[in-house]
Number of protein chains: 2
Amino acid sequence: MGEKDTGTEQDILGAAEEVFIKKGYAATKTTEIAKLAGINHAMLHYYFRTKENLFNVVFQKKVKLMADSFFLVAQEKKPFLEIVQMTVERHFDFIRGNSYLAIFIINEINSNEKNSQVWRNIALPIFKNVIKTIDMMMKVEISKGTIRNIDAIDFILNIISLNIFVFAAQPILKGLKNVSEEEYEKFLDNRKKENVRLALLALQP
Amino acid sequence: MGEKDTGTEQDILGAAEEVFIKKGYAATKTTEIAKLAGINHAMLHYYFRTKENLFNVVFQKKVKLMADSFFLVAQEKKPFLEIVQMTVERHFDFIRGNSYLAIFIINEINSNEKNSQVWRNIALPIFKNVIKTIDMMMKVEISKGTIRNIDAIDFILNIISLNIFVFAAQPILKGLKNVSEEEYEKFLDNRKKENVRLALLALQP
DNA sequence: CATGTAATTAACTAAATTGTTAAACAAAAA
DNA sequence: TTTTTGTTTAACAATTTAGTTAATTACATG
């Protein structure tokens, strides 16, 4: 044990992540990964045996990353509405920094039952836990009358929907707004505020 | 002129829509389309010459459908907030009836610049027009003080985000809720109401 | 019915793509 | 140094897939 990953293995993985996430499984050619990693393409098979194998390594890693990205905050001892704000903002920032990730995962889950299974095994437990935590916090607030009686899943779904879609539809939006990179970033900043606002509004009694 | 489409041509198109939308361009094999259409696969090339050609026909048709799905309502002479409600509901119903469509289009746009171009040519003009109409109506309401000063694009983006994501993430949600088909449909009905509510809330002064 | 045109089929080609293998090479252990 | 083990390479094999073609059938028109 303790075998540290070789340089080449990491190179392959890094390149695979990049190409798979950008193009999806079907459109990705192993030769392209090899080329990007700067290695002979036999090496790819030497380390990972098959394309599917390599994909699974990448996919599982990314599913975990995605699942963890949500609601790490829930622990902190702050007022609930402040926690909500922080959570939305952090999630938004994460998606912003990984703008291809969400659509990649959603797409692979939609187009392959095996990937759905991977999601269920890795992400679902994490998510269920998150929902449980949020749900408990919400129940307290509801009983205090500070927020309205809304289902935790619906609440979380609002946030994820609003945060992810801006980036999933990025090419569309850029075509629509047709502004400079700088101004587009400002639009995103504003979008983050909007999403926080809406998430909080949705809780109003 | 006036050549009505032959039966086979329609069969191919129908099958192509089904497979392309479900699997995306790269994962689709022309042989599968031919098989589903119940024809010799040479016919596919006879009528459409290339896979790309066939895809473009499908894609353009669907992009137009998607673009038109939004805000056909804007004409009617009703109070603004009622128009908003109807619009959100109709859009939700459309997405519900075409649940693979949105993610298909988003994905193809993200993974191919040519498809981005198609979107720009077909959907953008329609969308810009819709935004203009909404924007005008909103400006009137804003001056009356009935809604807050919010950008039309942001407002529309809220609606589309909320409506589309539930269906894009359908396999995830079904795994999460893990209820009967019937109960899941009820969840969606409730979701529609929630989205209307949120869209209206976002407008509150 | 004859003749020309369009639709259909089966067999084929060319290229791409995943995966294998045997041999060369490098590095560490004996 | 020799041996052993793991890494890398180039060449190859097998399969899949888009696209073609030439021959056949169906169909309409004179």
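**View 1. Helix H3 of chain A at the surface near DNA strand D.** In this predicted model, H3(A) provides the largest share of the surface near DNA strand D, namely 4 residues. Two tyrosines of chain A make polar contacts with the strand. A polar side-chain atom of Tyr46(A) is placed 2.9 Å from a phosphate oxygen of DNA strand D. For Tyr47(A), the distance from a polar side-chain atom to a phosphate oxygen of this strand is 3.0 Å. The elements that give two or more residues to the surface near DNA strand D are helix H3 (41-48) of chain A and, from chain B, helices H2 (30-37) and H3 (41-48).

**View 2. Thr30 of chain B and a phosphate of DNA strand D.** A polar side-chain atom of Thr30(B) lies 2.5 Å from a phosphate oxygen of DNA strand D. Thr30(B) is also among the residues that come nearest to the strand, together with Met43(A), Tyr46(A), Lys29(B) and Lys51(B).

**View 3. The protein surface around DNA strand D.** The strand is surrounded by 16 residues. By character, the residues of this surface comprise 5 nonpolar, 9 polar and 2 charged. On the DNA side, 65% of the strand D atoms within 4 Å of the protein belong to sugar or phosphate, and the rest belong to bases.

**View 4. The two protein copies and their interface.** Chain A can be superposed on chain B with an RMSD of 0.0 Å by a turn of 180 degrees and a shift of 0.0 Å along the axis. The two copies are therefore related as by a two-fold rotation axis. Of the interface residues of chain A, 100% are also interface residues in chain B, so the copies meet through the same surface.

Notes: Residues numbered from 1 in each chain as written. Chains lettered and ligands numbered in written order. Predicted model: local features only at pLDDT ≥ 70, side-chain atom pairs only at ≥ 80, totals over all residues. Heavy atoms only, no water. Least-squares fit on C-alpha atoms with pLDDT ≥ 70 in both. Contact = heavy atoms within 4.5 Å. Near = heavy atom within 4 Å. Polar contact = N/O pair within 3.5 Å; in protein donor to acceptor, adjacent residues only side chain to side chain. Nonpolar A, V, L, I, M, F, W, Y, C, P; charged D, E, K, R; others polar.
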